[in-house]
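Thank you all for making the time this morning. Please bring up the sequence and the model, and I will talk us through a few of the strands and one helix pair.

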Amino acid sequence: MPESVYIHIPFCKSKCKYCSFVSIVKTGFIEDYISALIREIENNYSGETLKTLYFGGGTPSLLSVEFVKKIMNNFNISSQTEITFEINPDDAEPDYLKWLRDVGINRLSFGVQTFDDKILDLIGRRHNSKQVLKAIEAAKKAGFENLSVDLIYGLPEQTLETLEKDLETIKALDIQHVSTYGLKIEEPSYFYYHPIDVPDADIQADMYLGINNYLENIGFKRYEISNFARAGFESKHNLNYWNNNEYYGFGAAAHGYKDGIRYSNTENLEEYIKNPLKHLTEYLVTTNEKLEEEIFLGFRREKGINIEEMNKKFDIDFESKYQNILTKYMPKYLIKTDIGYKFTLDGVLLSNNILADFID
C-alpha cells in the first residue's frame, strides 16, 4: 500500500512566464477546493502511517494555516514522517513560518529559480533576491532544519557567470538541499507563445556541469539527476518516486499510483470541485511497462540500477537482455557498479537518448 501522499494546490497569485504546470489564478475557489480535496482523501486514503507527505503546486503557501491543518488531520502521521511544503519567498512571513512548523511541517522547498533580480522580473517571479535571504533566515528562526531551494538554469539572459553568483549565494545560505532544472519552454507557458532568447543546449550542458561541480565541492552529493543534498537530507518523497513505489495523488491535476494502477485527476478546477471522486484516467501498468519504469527511474538515481533485484523481480537476465545497449554506451556514458550500472556524468547529459534505447 502507498505510504506517500502528494497534495496538489493549484492556485497562484500570478502565472510565471516559463510555467506550463497546472496552476490557476482563481484564489476565490480555495475554500470550495479544500472541501473537495478532503472528500477525495476521505474516500481513497486507507489509513496507512505515512513516510512522506508533500504539498506541491501551484502555490501551497497561499493556504491559510487553518486549511493546511485541516488537510493534515486526515492522515496518520508519525514523528518520522517527512512533510514537505512548497513555499514562495514572498509568502514566507515569520508568523506564517512559525505556524507551519507548529502544525507539523518539517521541510520547506523554496521556489527561488535564481537570485538575479533582473532575470526574476523577466520571468515573472513575484519575489526578489532580498526576500529569499530574509525568508531562509526566518525559516531557520522558526525552527526548520531541512530547507531546499529550486534553481533553474538556461534562463533568458542567464550566463555562466550569473549562474555562479547564484551558486555562491546558495553556499552562503547554508541550506540542506538543492533541486536544479534546465529551462524547458512548453505549451501553454507565456514563453511558448512569446518566444525569447535562451542559452543554447551546449551552454545549458556547461551550466549543469558547473552546478554539479560547484555543489559537490561545497558538500552536496548528487543523488538523482536533478537533485543534490547534504548527507541525510535527500528528499524521501522524491526517492519514493524514483524507487518506483506507489503513492497517493490528491487534488486537481494530481497523479497517483496504487495497486498497480496509475491514475490522474482532471485539470479542470470546477469539474474537480464538483466531483473529486472521479479519476480522469486509470491505467493498469503491464509487467513490461513496470520493467521499463524501473530502468528509467533507477538510472535517474546516482547509485543507478540494481540488476540482481531487477532480475529477481522480473525474471530476466538484465545483462543478456540489454547487452547491445550496454556495449554501445560503456564506458563513456555507462559504468558498472558493485550492484549494477549507472550513468557517468557525460551519460547524465545524454540520459534521455540513452534511456530511449531501453524502451521497446
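In which sense do S5 and strand S6 pair, and over how many bridges? S5 and S6 (residues 177-182) pair in the parallel sense, over six bridges, where helices (H or I, at least four residues) and strands (E, at least two) are DSSP runs numbered from the N terminus, and two strands count as paired if DSSP finds at least two bridges between them.

Before going further, I should say that this is a predicted model, in which local features need pLDDT of at least 70 and side-chain atom pairs count only at pLDDT 80 or more, while totals for chains, interfaces and linings use all residues. Residues are numbered from 1 along each chain as its sequence is written, and side-chain values use heavy atoms, with hydrogens and water left out.

Staying with S5, strand S4 (residues 107-113) is joined to S5 by four bridges, and these two strands also run parallel. Val149 of S5 is a useful residue to find on the screen, since Phe110 stands opposite Val149, and Val149 also stands opposite Val178 in S6.

Seven of the seven residues of S5 (residues 147-153) are buried, so this strand is largely enclosed by the rest of the structure; buried here means under 20% relative accessible area, with exposed over 50% and partly exposed in between, using a 1.4 Å probe and protein chains only. Both faces are covered, with Leu147, Val149, Leu151 and Tyr153 buried on one side, and Ser148, Asp150 and Ile152 buried on the other.

Let me turn to the helices. Helix H6 (residues 160-173) packs with helix H8 (residues 201-217) at an angle of about 25°, their axes lying 11 Å apart; the axes are lines fitted to C-alpha atoms, for helices over the stretch in contact, and angles run from 0 to 180 degrees between N-to-C directions. H6 and H8 are therefore roughly parallel to each other, a label for angles under 35 degrees, with over 145 counted as roughly antiparallel, 65 to 115 as roughly perpendicular and the rest as oblique. In the contact (heavy atoms within 4.5 Å), H6 contributes residues including Leu163, Leu167 and Glu168, and H8 contributes residues including Met207, Ile211 and Tyr214.

Finally, there is an open sheet of three strands in the order S10-S11-S12, with antiparallel pairing. Strands S10 (255-258) and S12 (281-284) stand at the edges with a single partner strand each, so one side of each is left without a neighbour in the sheet. Four bridges join S10 to S11 (residues 261-264), and His255 stands opposite Ser264 in S11.
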